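This note is addressed to a colleague who is meeting the structure for the first time. The points below are best read with the sequence and the model side by side.

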Amino acid sequence: MRHNNSSAFCYRPVSGSKTLSKHARGLAVDINPFYNPYYKDRPDGTRYVQPATAVIYCDRTKTFPYKITRGDLCHRLFTEAGFRWGGDWRSCKDYQHFEFVE
């Protein structure tokens with residue numbers, strides 16, 4: 001992720017469970033993960049970010065290259081093809097992530 005490698009198939013369970021992730025079933029893709037990080041705000045006020053070195057890209061009000069935003073070309077192509085975007089999630093944000101809605 002730190003090297004901004006987009007990825008799709010990765011055989012693994014959902015973190016903290018025994019359920020296979022959508023990546024393990026070929027139903028998800030992560031695009032430009034360094035510029036579109038995953039983050040979750042914890043109850044203690046700290047923020048967990050992956051990749052950890054991409055903290056500055058959690059601020060989606062800033063302009064920078066490779067940023068995925070609602071309505072841009074990347075977002076439109078995936079959502080029009082039946083994918084859901086992790087940037088719309090409420091409990092966390094996974095801006096890199098698109099998963100097919102079964």
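1. The model under review is a predicted one. A convenient place to begin is Arg25, a residue that counts as partly exposed because its relative accessible area is 42%. Arg25 forms a salt bridge with Glu102, and the closest N and O atoms of the two are 2.9 Å apart. Since Arg25 belongs to the segment before S1 and Glu102 to the segment after S6, the pair ties together parts that are 77 residues apart in sequence.

2. Glu102 also meets a second partner, Lys22, in a salt bridge with an N to O distance of 3.7 Å. Here too the pair links distant parts of the chain, with Glu102 in the segment after S6, Lys22 in the segment before S1, and the two positions 80 residues apart. The partners differ in accessibility class: Glu102 is exposed, at a relative accessible area of 63%, whereas Lys22, at 17%, counts as buried. The cut-off matters for Lys22, because buried means under 20% relative accessible area.

3. A further salt bridge joins Arg47 and Asp41, whose closest N and O atoms are 2.6 Å apart. Both ends are classed as partly exposed: Arg47 has a relative accessible area of 40%, and Asp41 has one of 44%. Salt bridges that share partners, by contrast, join Lys22, Arg25 and Glu102 into one network. The count of salt bridges in the model comes to five. As general background, side chains of opposite charge can pair when their charged atoms come close.

4. The interior deserves attention next. Ten residues make up the largest nonpolar core: Val29, Ile31, Tyr39, Val49, Cys58, Ile68, Phe78, Trp85, Tyr95 and Phe98. A second, separate core of five residues includes Phe34, Tyr35, Ala54 and Phe64.

5. Which residues does Ile68 contact, leaving aside its neighbours within four places in sequence? The contacts of Ile68 are Ile31, Asn36, Arg60, Cys74, His75, Trp85, Tyr95 and Phe98. Of these partners, Ile31, Trp85, Tyr95 and Phe98 are listed in the largest nonpolar core, as is Ile68 itself.

6. Aromatic side chains form a theme of their own, and the count of aromatic pairs comes to 12. In one of them, the ring centres of Trp85 and Tyr95 are 5.9 Å apart and the planes stand at 55°, so the pair is tilted. Trp85 lies in strand S4 (residues 83-85), while Tyr95 lies in the loop between strand S5 (93-94) and strand S6 (97-100), so this pair ties together parts that are 10 residues apart in sequence. Trp85 and Tyr95 are both buried.

7. Trp85 takes part in another pair, with Phe98. The two rings have their centres 6.4 Å apart and their planes at 20°, so this pair is stacked. The pair links distant parts of the chain, as Trp85 is in strand S4 and Phe98 in strand S6, 13 residues apart. Relative accessible area is 5% for Trp85, which is therefore buried, and 0% for Phe98, which is buried as well. One aromatic cluster is formed by Tyr39, Phe78, Phe83, Trp85, Tyr95, Phe98 and Phe100.

8. The surface also carries nonpolar side chains. Phe9, Tyr11 and Leu20 form a nonpolar patch there, with about 360 Å² of accessible area together. Phe9 is found in the segment before strand S1 (28-30). Is Phe9 buried or exposed? With a relative accessible area of 58%, Phe9 is exposed.

9. Finally, several backbone features should be checked by eye. Most residues other than glycine have a negative phi, and most peptide bonds are trans. Against that background, the bond joining Gln50 and Pro51 is cis, with omega about -5°; Pro51 is placed in the loop between strand S3 (47-50) and helix H1 (73-80).

10. Positive phi values occur at two non-glycine residues worth locating, Asn32 and Tyr66. For Asn32, phi is near 45°; this residue sits in the loop between S1 and strand S2 (38-41) and counts as buried at 18% relative accessibility. For Tyr66, phi is about 70°, and the residue is found in the loop between S3 and H1.

Definitions and conventions
Residues numbered from 1 in each chain as written. Heavy atoms only, no water. Core = buried A, V, L, I, M, F, W, Y, C linked by side-chain atoms within 4.5 Å. Buried < 20%, exposed > 50% of the residue type's maximum accessible area, 1.4 Å probe, protein only. Contact = heavy atoms within 4.5 Å. Patch = residues over 30% accessible without salt bridge, like charges linked within 9 Å, V, L, I, M, F, W, Y side chains within 5 Å. Areas by Shrake-Rupley, 256 points an atom, 1.4 Å probe, with all protein chains shown as cover. Salt bridge = Lys/Arg side-chain N within 4 Å of Asp/Glu carboxyl O. Helix = DSSP H or I, 4+ residues; strand = E, 2+ residues; numbered from the N terminus. Phe/Tyr/Trp six-rings, centres within 6.5 Å; stacked < 30°, edge-to-face > 60°.
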